[in-house]
Amino acid sequence: MPKIIVLPHHELCPEGAELEAKEGETVLDVALKNGIGIEHACEKSCACTTCHVVIREGFDSLDESDELEDDMLDKAWGLEPESRLGCQAKITDEDLVVEIPRYTLNHAAENH
């Protein structure tokens with residue numbers, strides 16, 4: 001069973017975590033069901049960047065991002081070559097090491 005190693009994040013996961021995952025689950029769903037509250041303002045519909053993560057290890061095991069995800073990622077704070085939207089990154093049979101960026105952009109929340 002593949003694992004997701006979440007690197008320590010100052011608020012969401014201070015100690016880091018090692019999470020069991022099933023093939024086909026998304027990084028976001030695995031994090032959420034394990035109590036790591038990654039924001040997902042668009043309810044996982046690939047319409048925002050709040051679930052932006054950086055895949056530090058295992059990036060090449062993921063399916064390639066599609067044009068819609070790439071367009072969203074272009075708006076993400078701290079974009080890196082290994083950036084993905086957690087709601088779109090589906091786990092395969094390889095372990096992943098994931099970093100949750102310190103900041104996200106939530107245009108809906110910022111306009112309230």
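Biologist: What makes this an open sheet of five strands, and in what order do they come?

Modeller: In this predicted model, the strands line up as β2-β1-β5-β3-β4, with mixed pairing. The two ends of that order are β2 (17-20) and β4 (83-85), and each pairs on one side only. From one strand to the next, the twist averages 35°.

Biologist: How do you know that β3 and β4 pair, and in which sense?

Modeller: Pairing takes at least two bridges between two strands. β3 and β4 have three bridges, in the antiparallel sense, so they make the cut. If you want a spot to look at, Val54 stands opposite Ser83 in β4.

Biologist: And Glu82, where is that, and why is it called partly exposed?

Modeller: Glu82 sits in the loop between α2 and β4. Its relative accessible area is 29%. Buried would need under 20% and exposed over 50%, so Glu82 falls in between. Leaving out residues up to four places away in sequence, Glu82 touches Val53, Val54, Ile55 and Phe59. Its C-alpha is also 9.6 Å from that of Gly58, 24 residues apart along the chain.

Biologist: Now the cysteines. Why is Cys48 not called disulfide-bonded?

Modeller: The nearest cysteine sulfur, that of Cys42, is 3.7 Å away. A disulfide needs the two sulfur atoms within 2.5 Å, so this pair doesn't qualify.

Biologist: What about Cys87?

Modeller: For Cys87 the nearest cysteine sulfur belongs to Cys51, at 3.8 Å. With the limit at 2.5 Å, that is no disulfide either. By this rule the count comes to zero.

Biologist: Why are Cys48 and Cys87 called buried?

Modeller: Cys48 has 14% relative accessibility and Cys87 has 9%. The cut-off is under 20%, so both count as buried.

Biologist: Which residues touch the most other members of the largest nonpolar core?

Modeller: Ile4, Val27, Ile36 and Ile38, out of 25 residues. Elements that give two or more residues to this core are β1 (3-6), α1 (27-33), β3 (52-57), α2 (67-73) and β5 (96-99). α1 gives the most, with four residues.

Biologist: What makes those residues members, and why would nonpolar side chains end up together?

Modeller: Members have to be buried and joined through side-chain atoms within 4.5 Å. As for the background, nonpolar side chains tend to be buried together in soluble globular proteins.

Biologist: Which residues is Ile36 in contact with, leaving aside neighbours within four places in sequence?

Modeller: Val6, Leu12, Cys13, Ala17, Leu19, Ala31 and Ile100.

Terms used:
Residues are numbered from 1 along each chain as its sequence is written. This is a predicted model: local features need pLDDT of at least 70, side-chain atom pairs count only at pLDDT 80 or more; totals for chains, interfaces and linings use all residues. Side-chain values use heavy atoms; hydrogens and water are left out. Buried means under 20% relative accessible area, exposed over 50%, partly exposed in between (1.4 Å probe, protein chains only). Contact means heavy atoms within 4.5 Å. Axes are lines fitted to C-alpha atoms, for helices over the stretch in contact, and angles run from 0 to 180 degrees between N-to-C directions.
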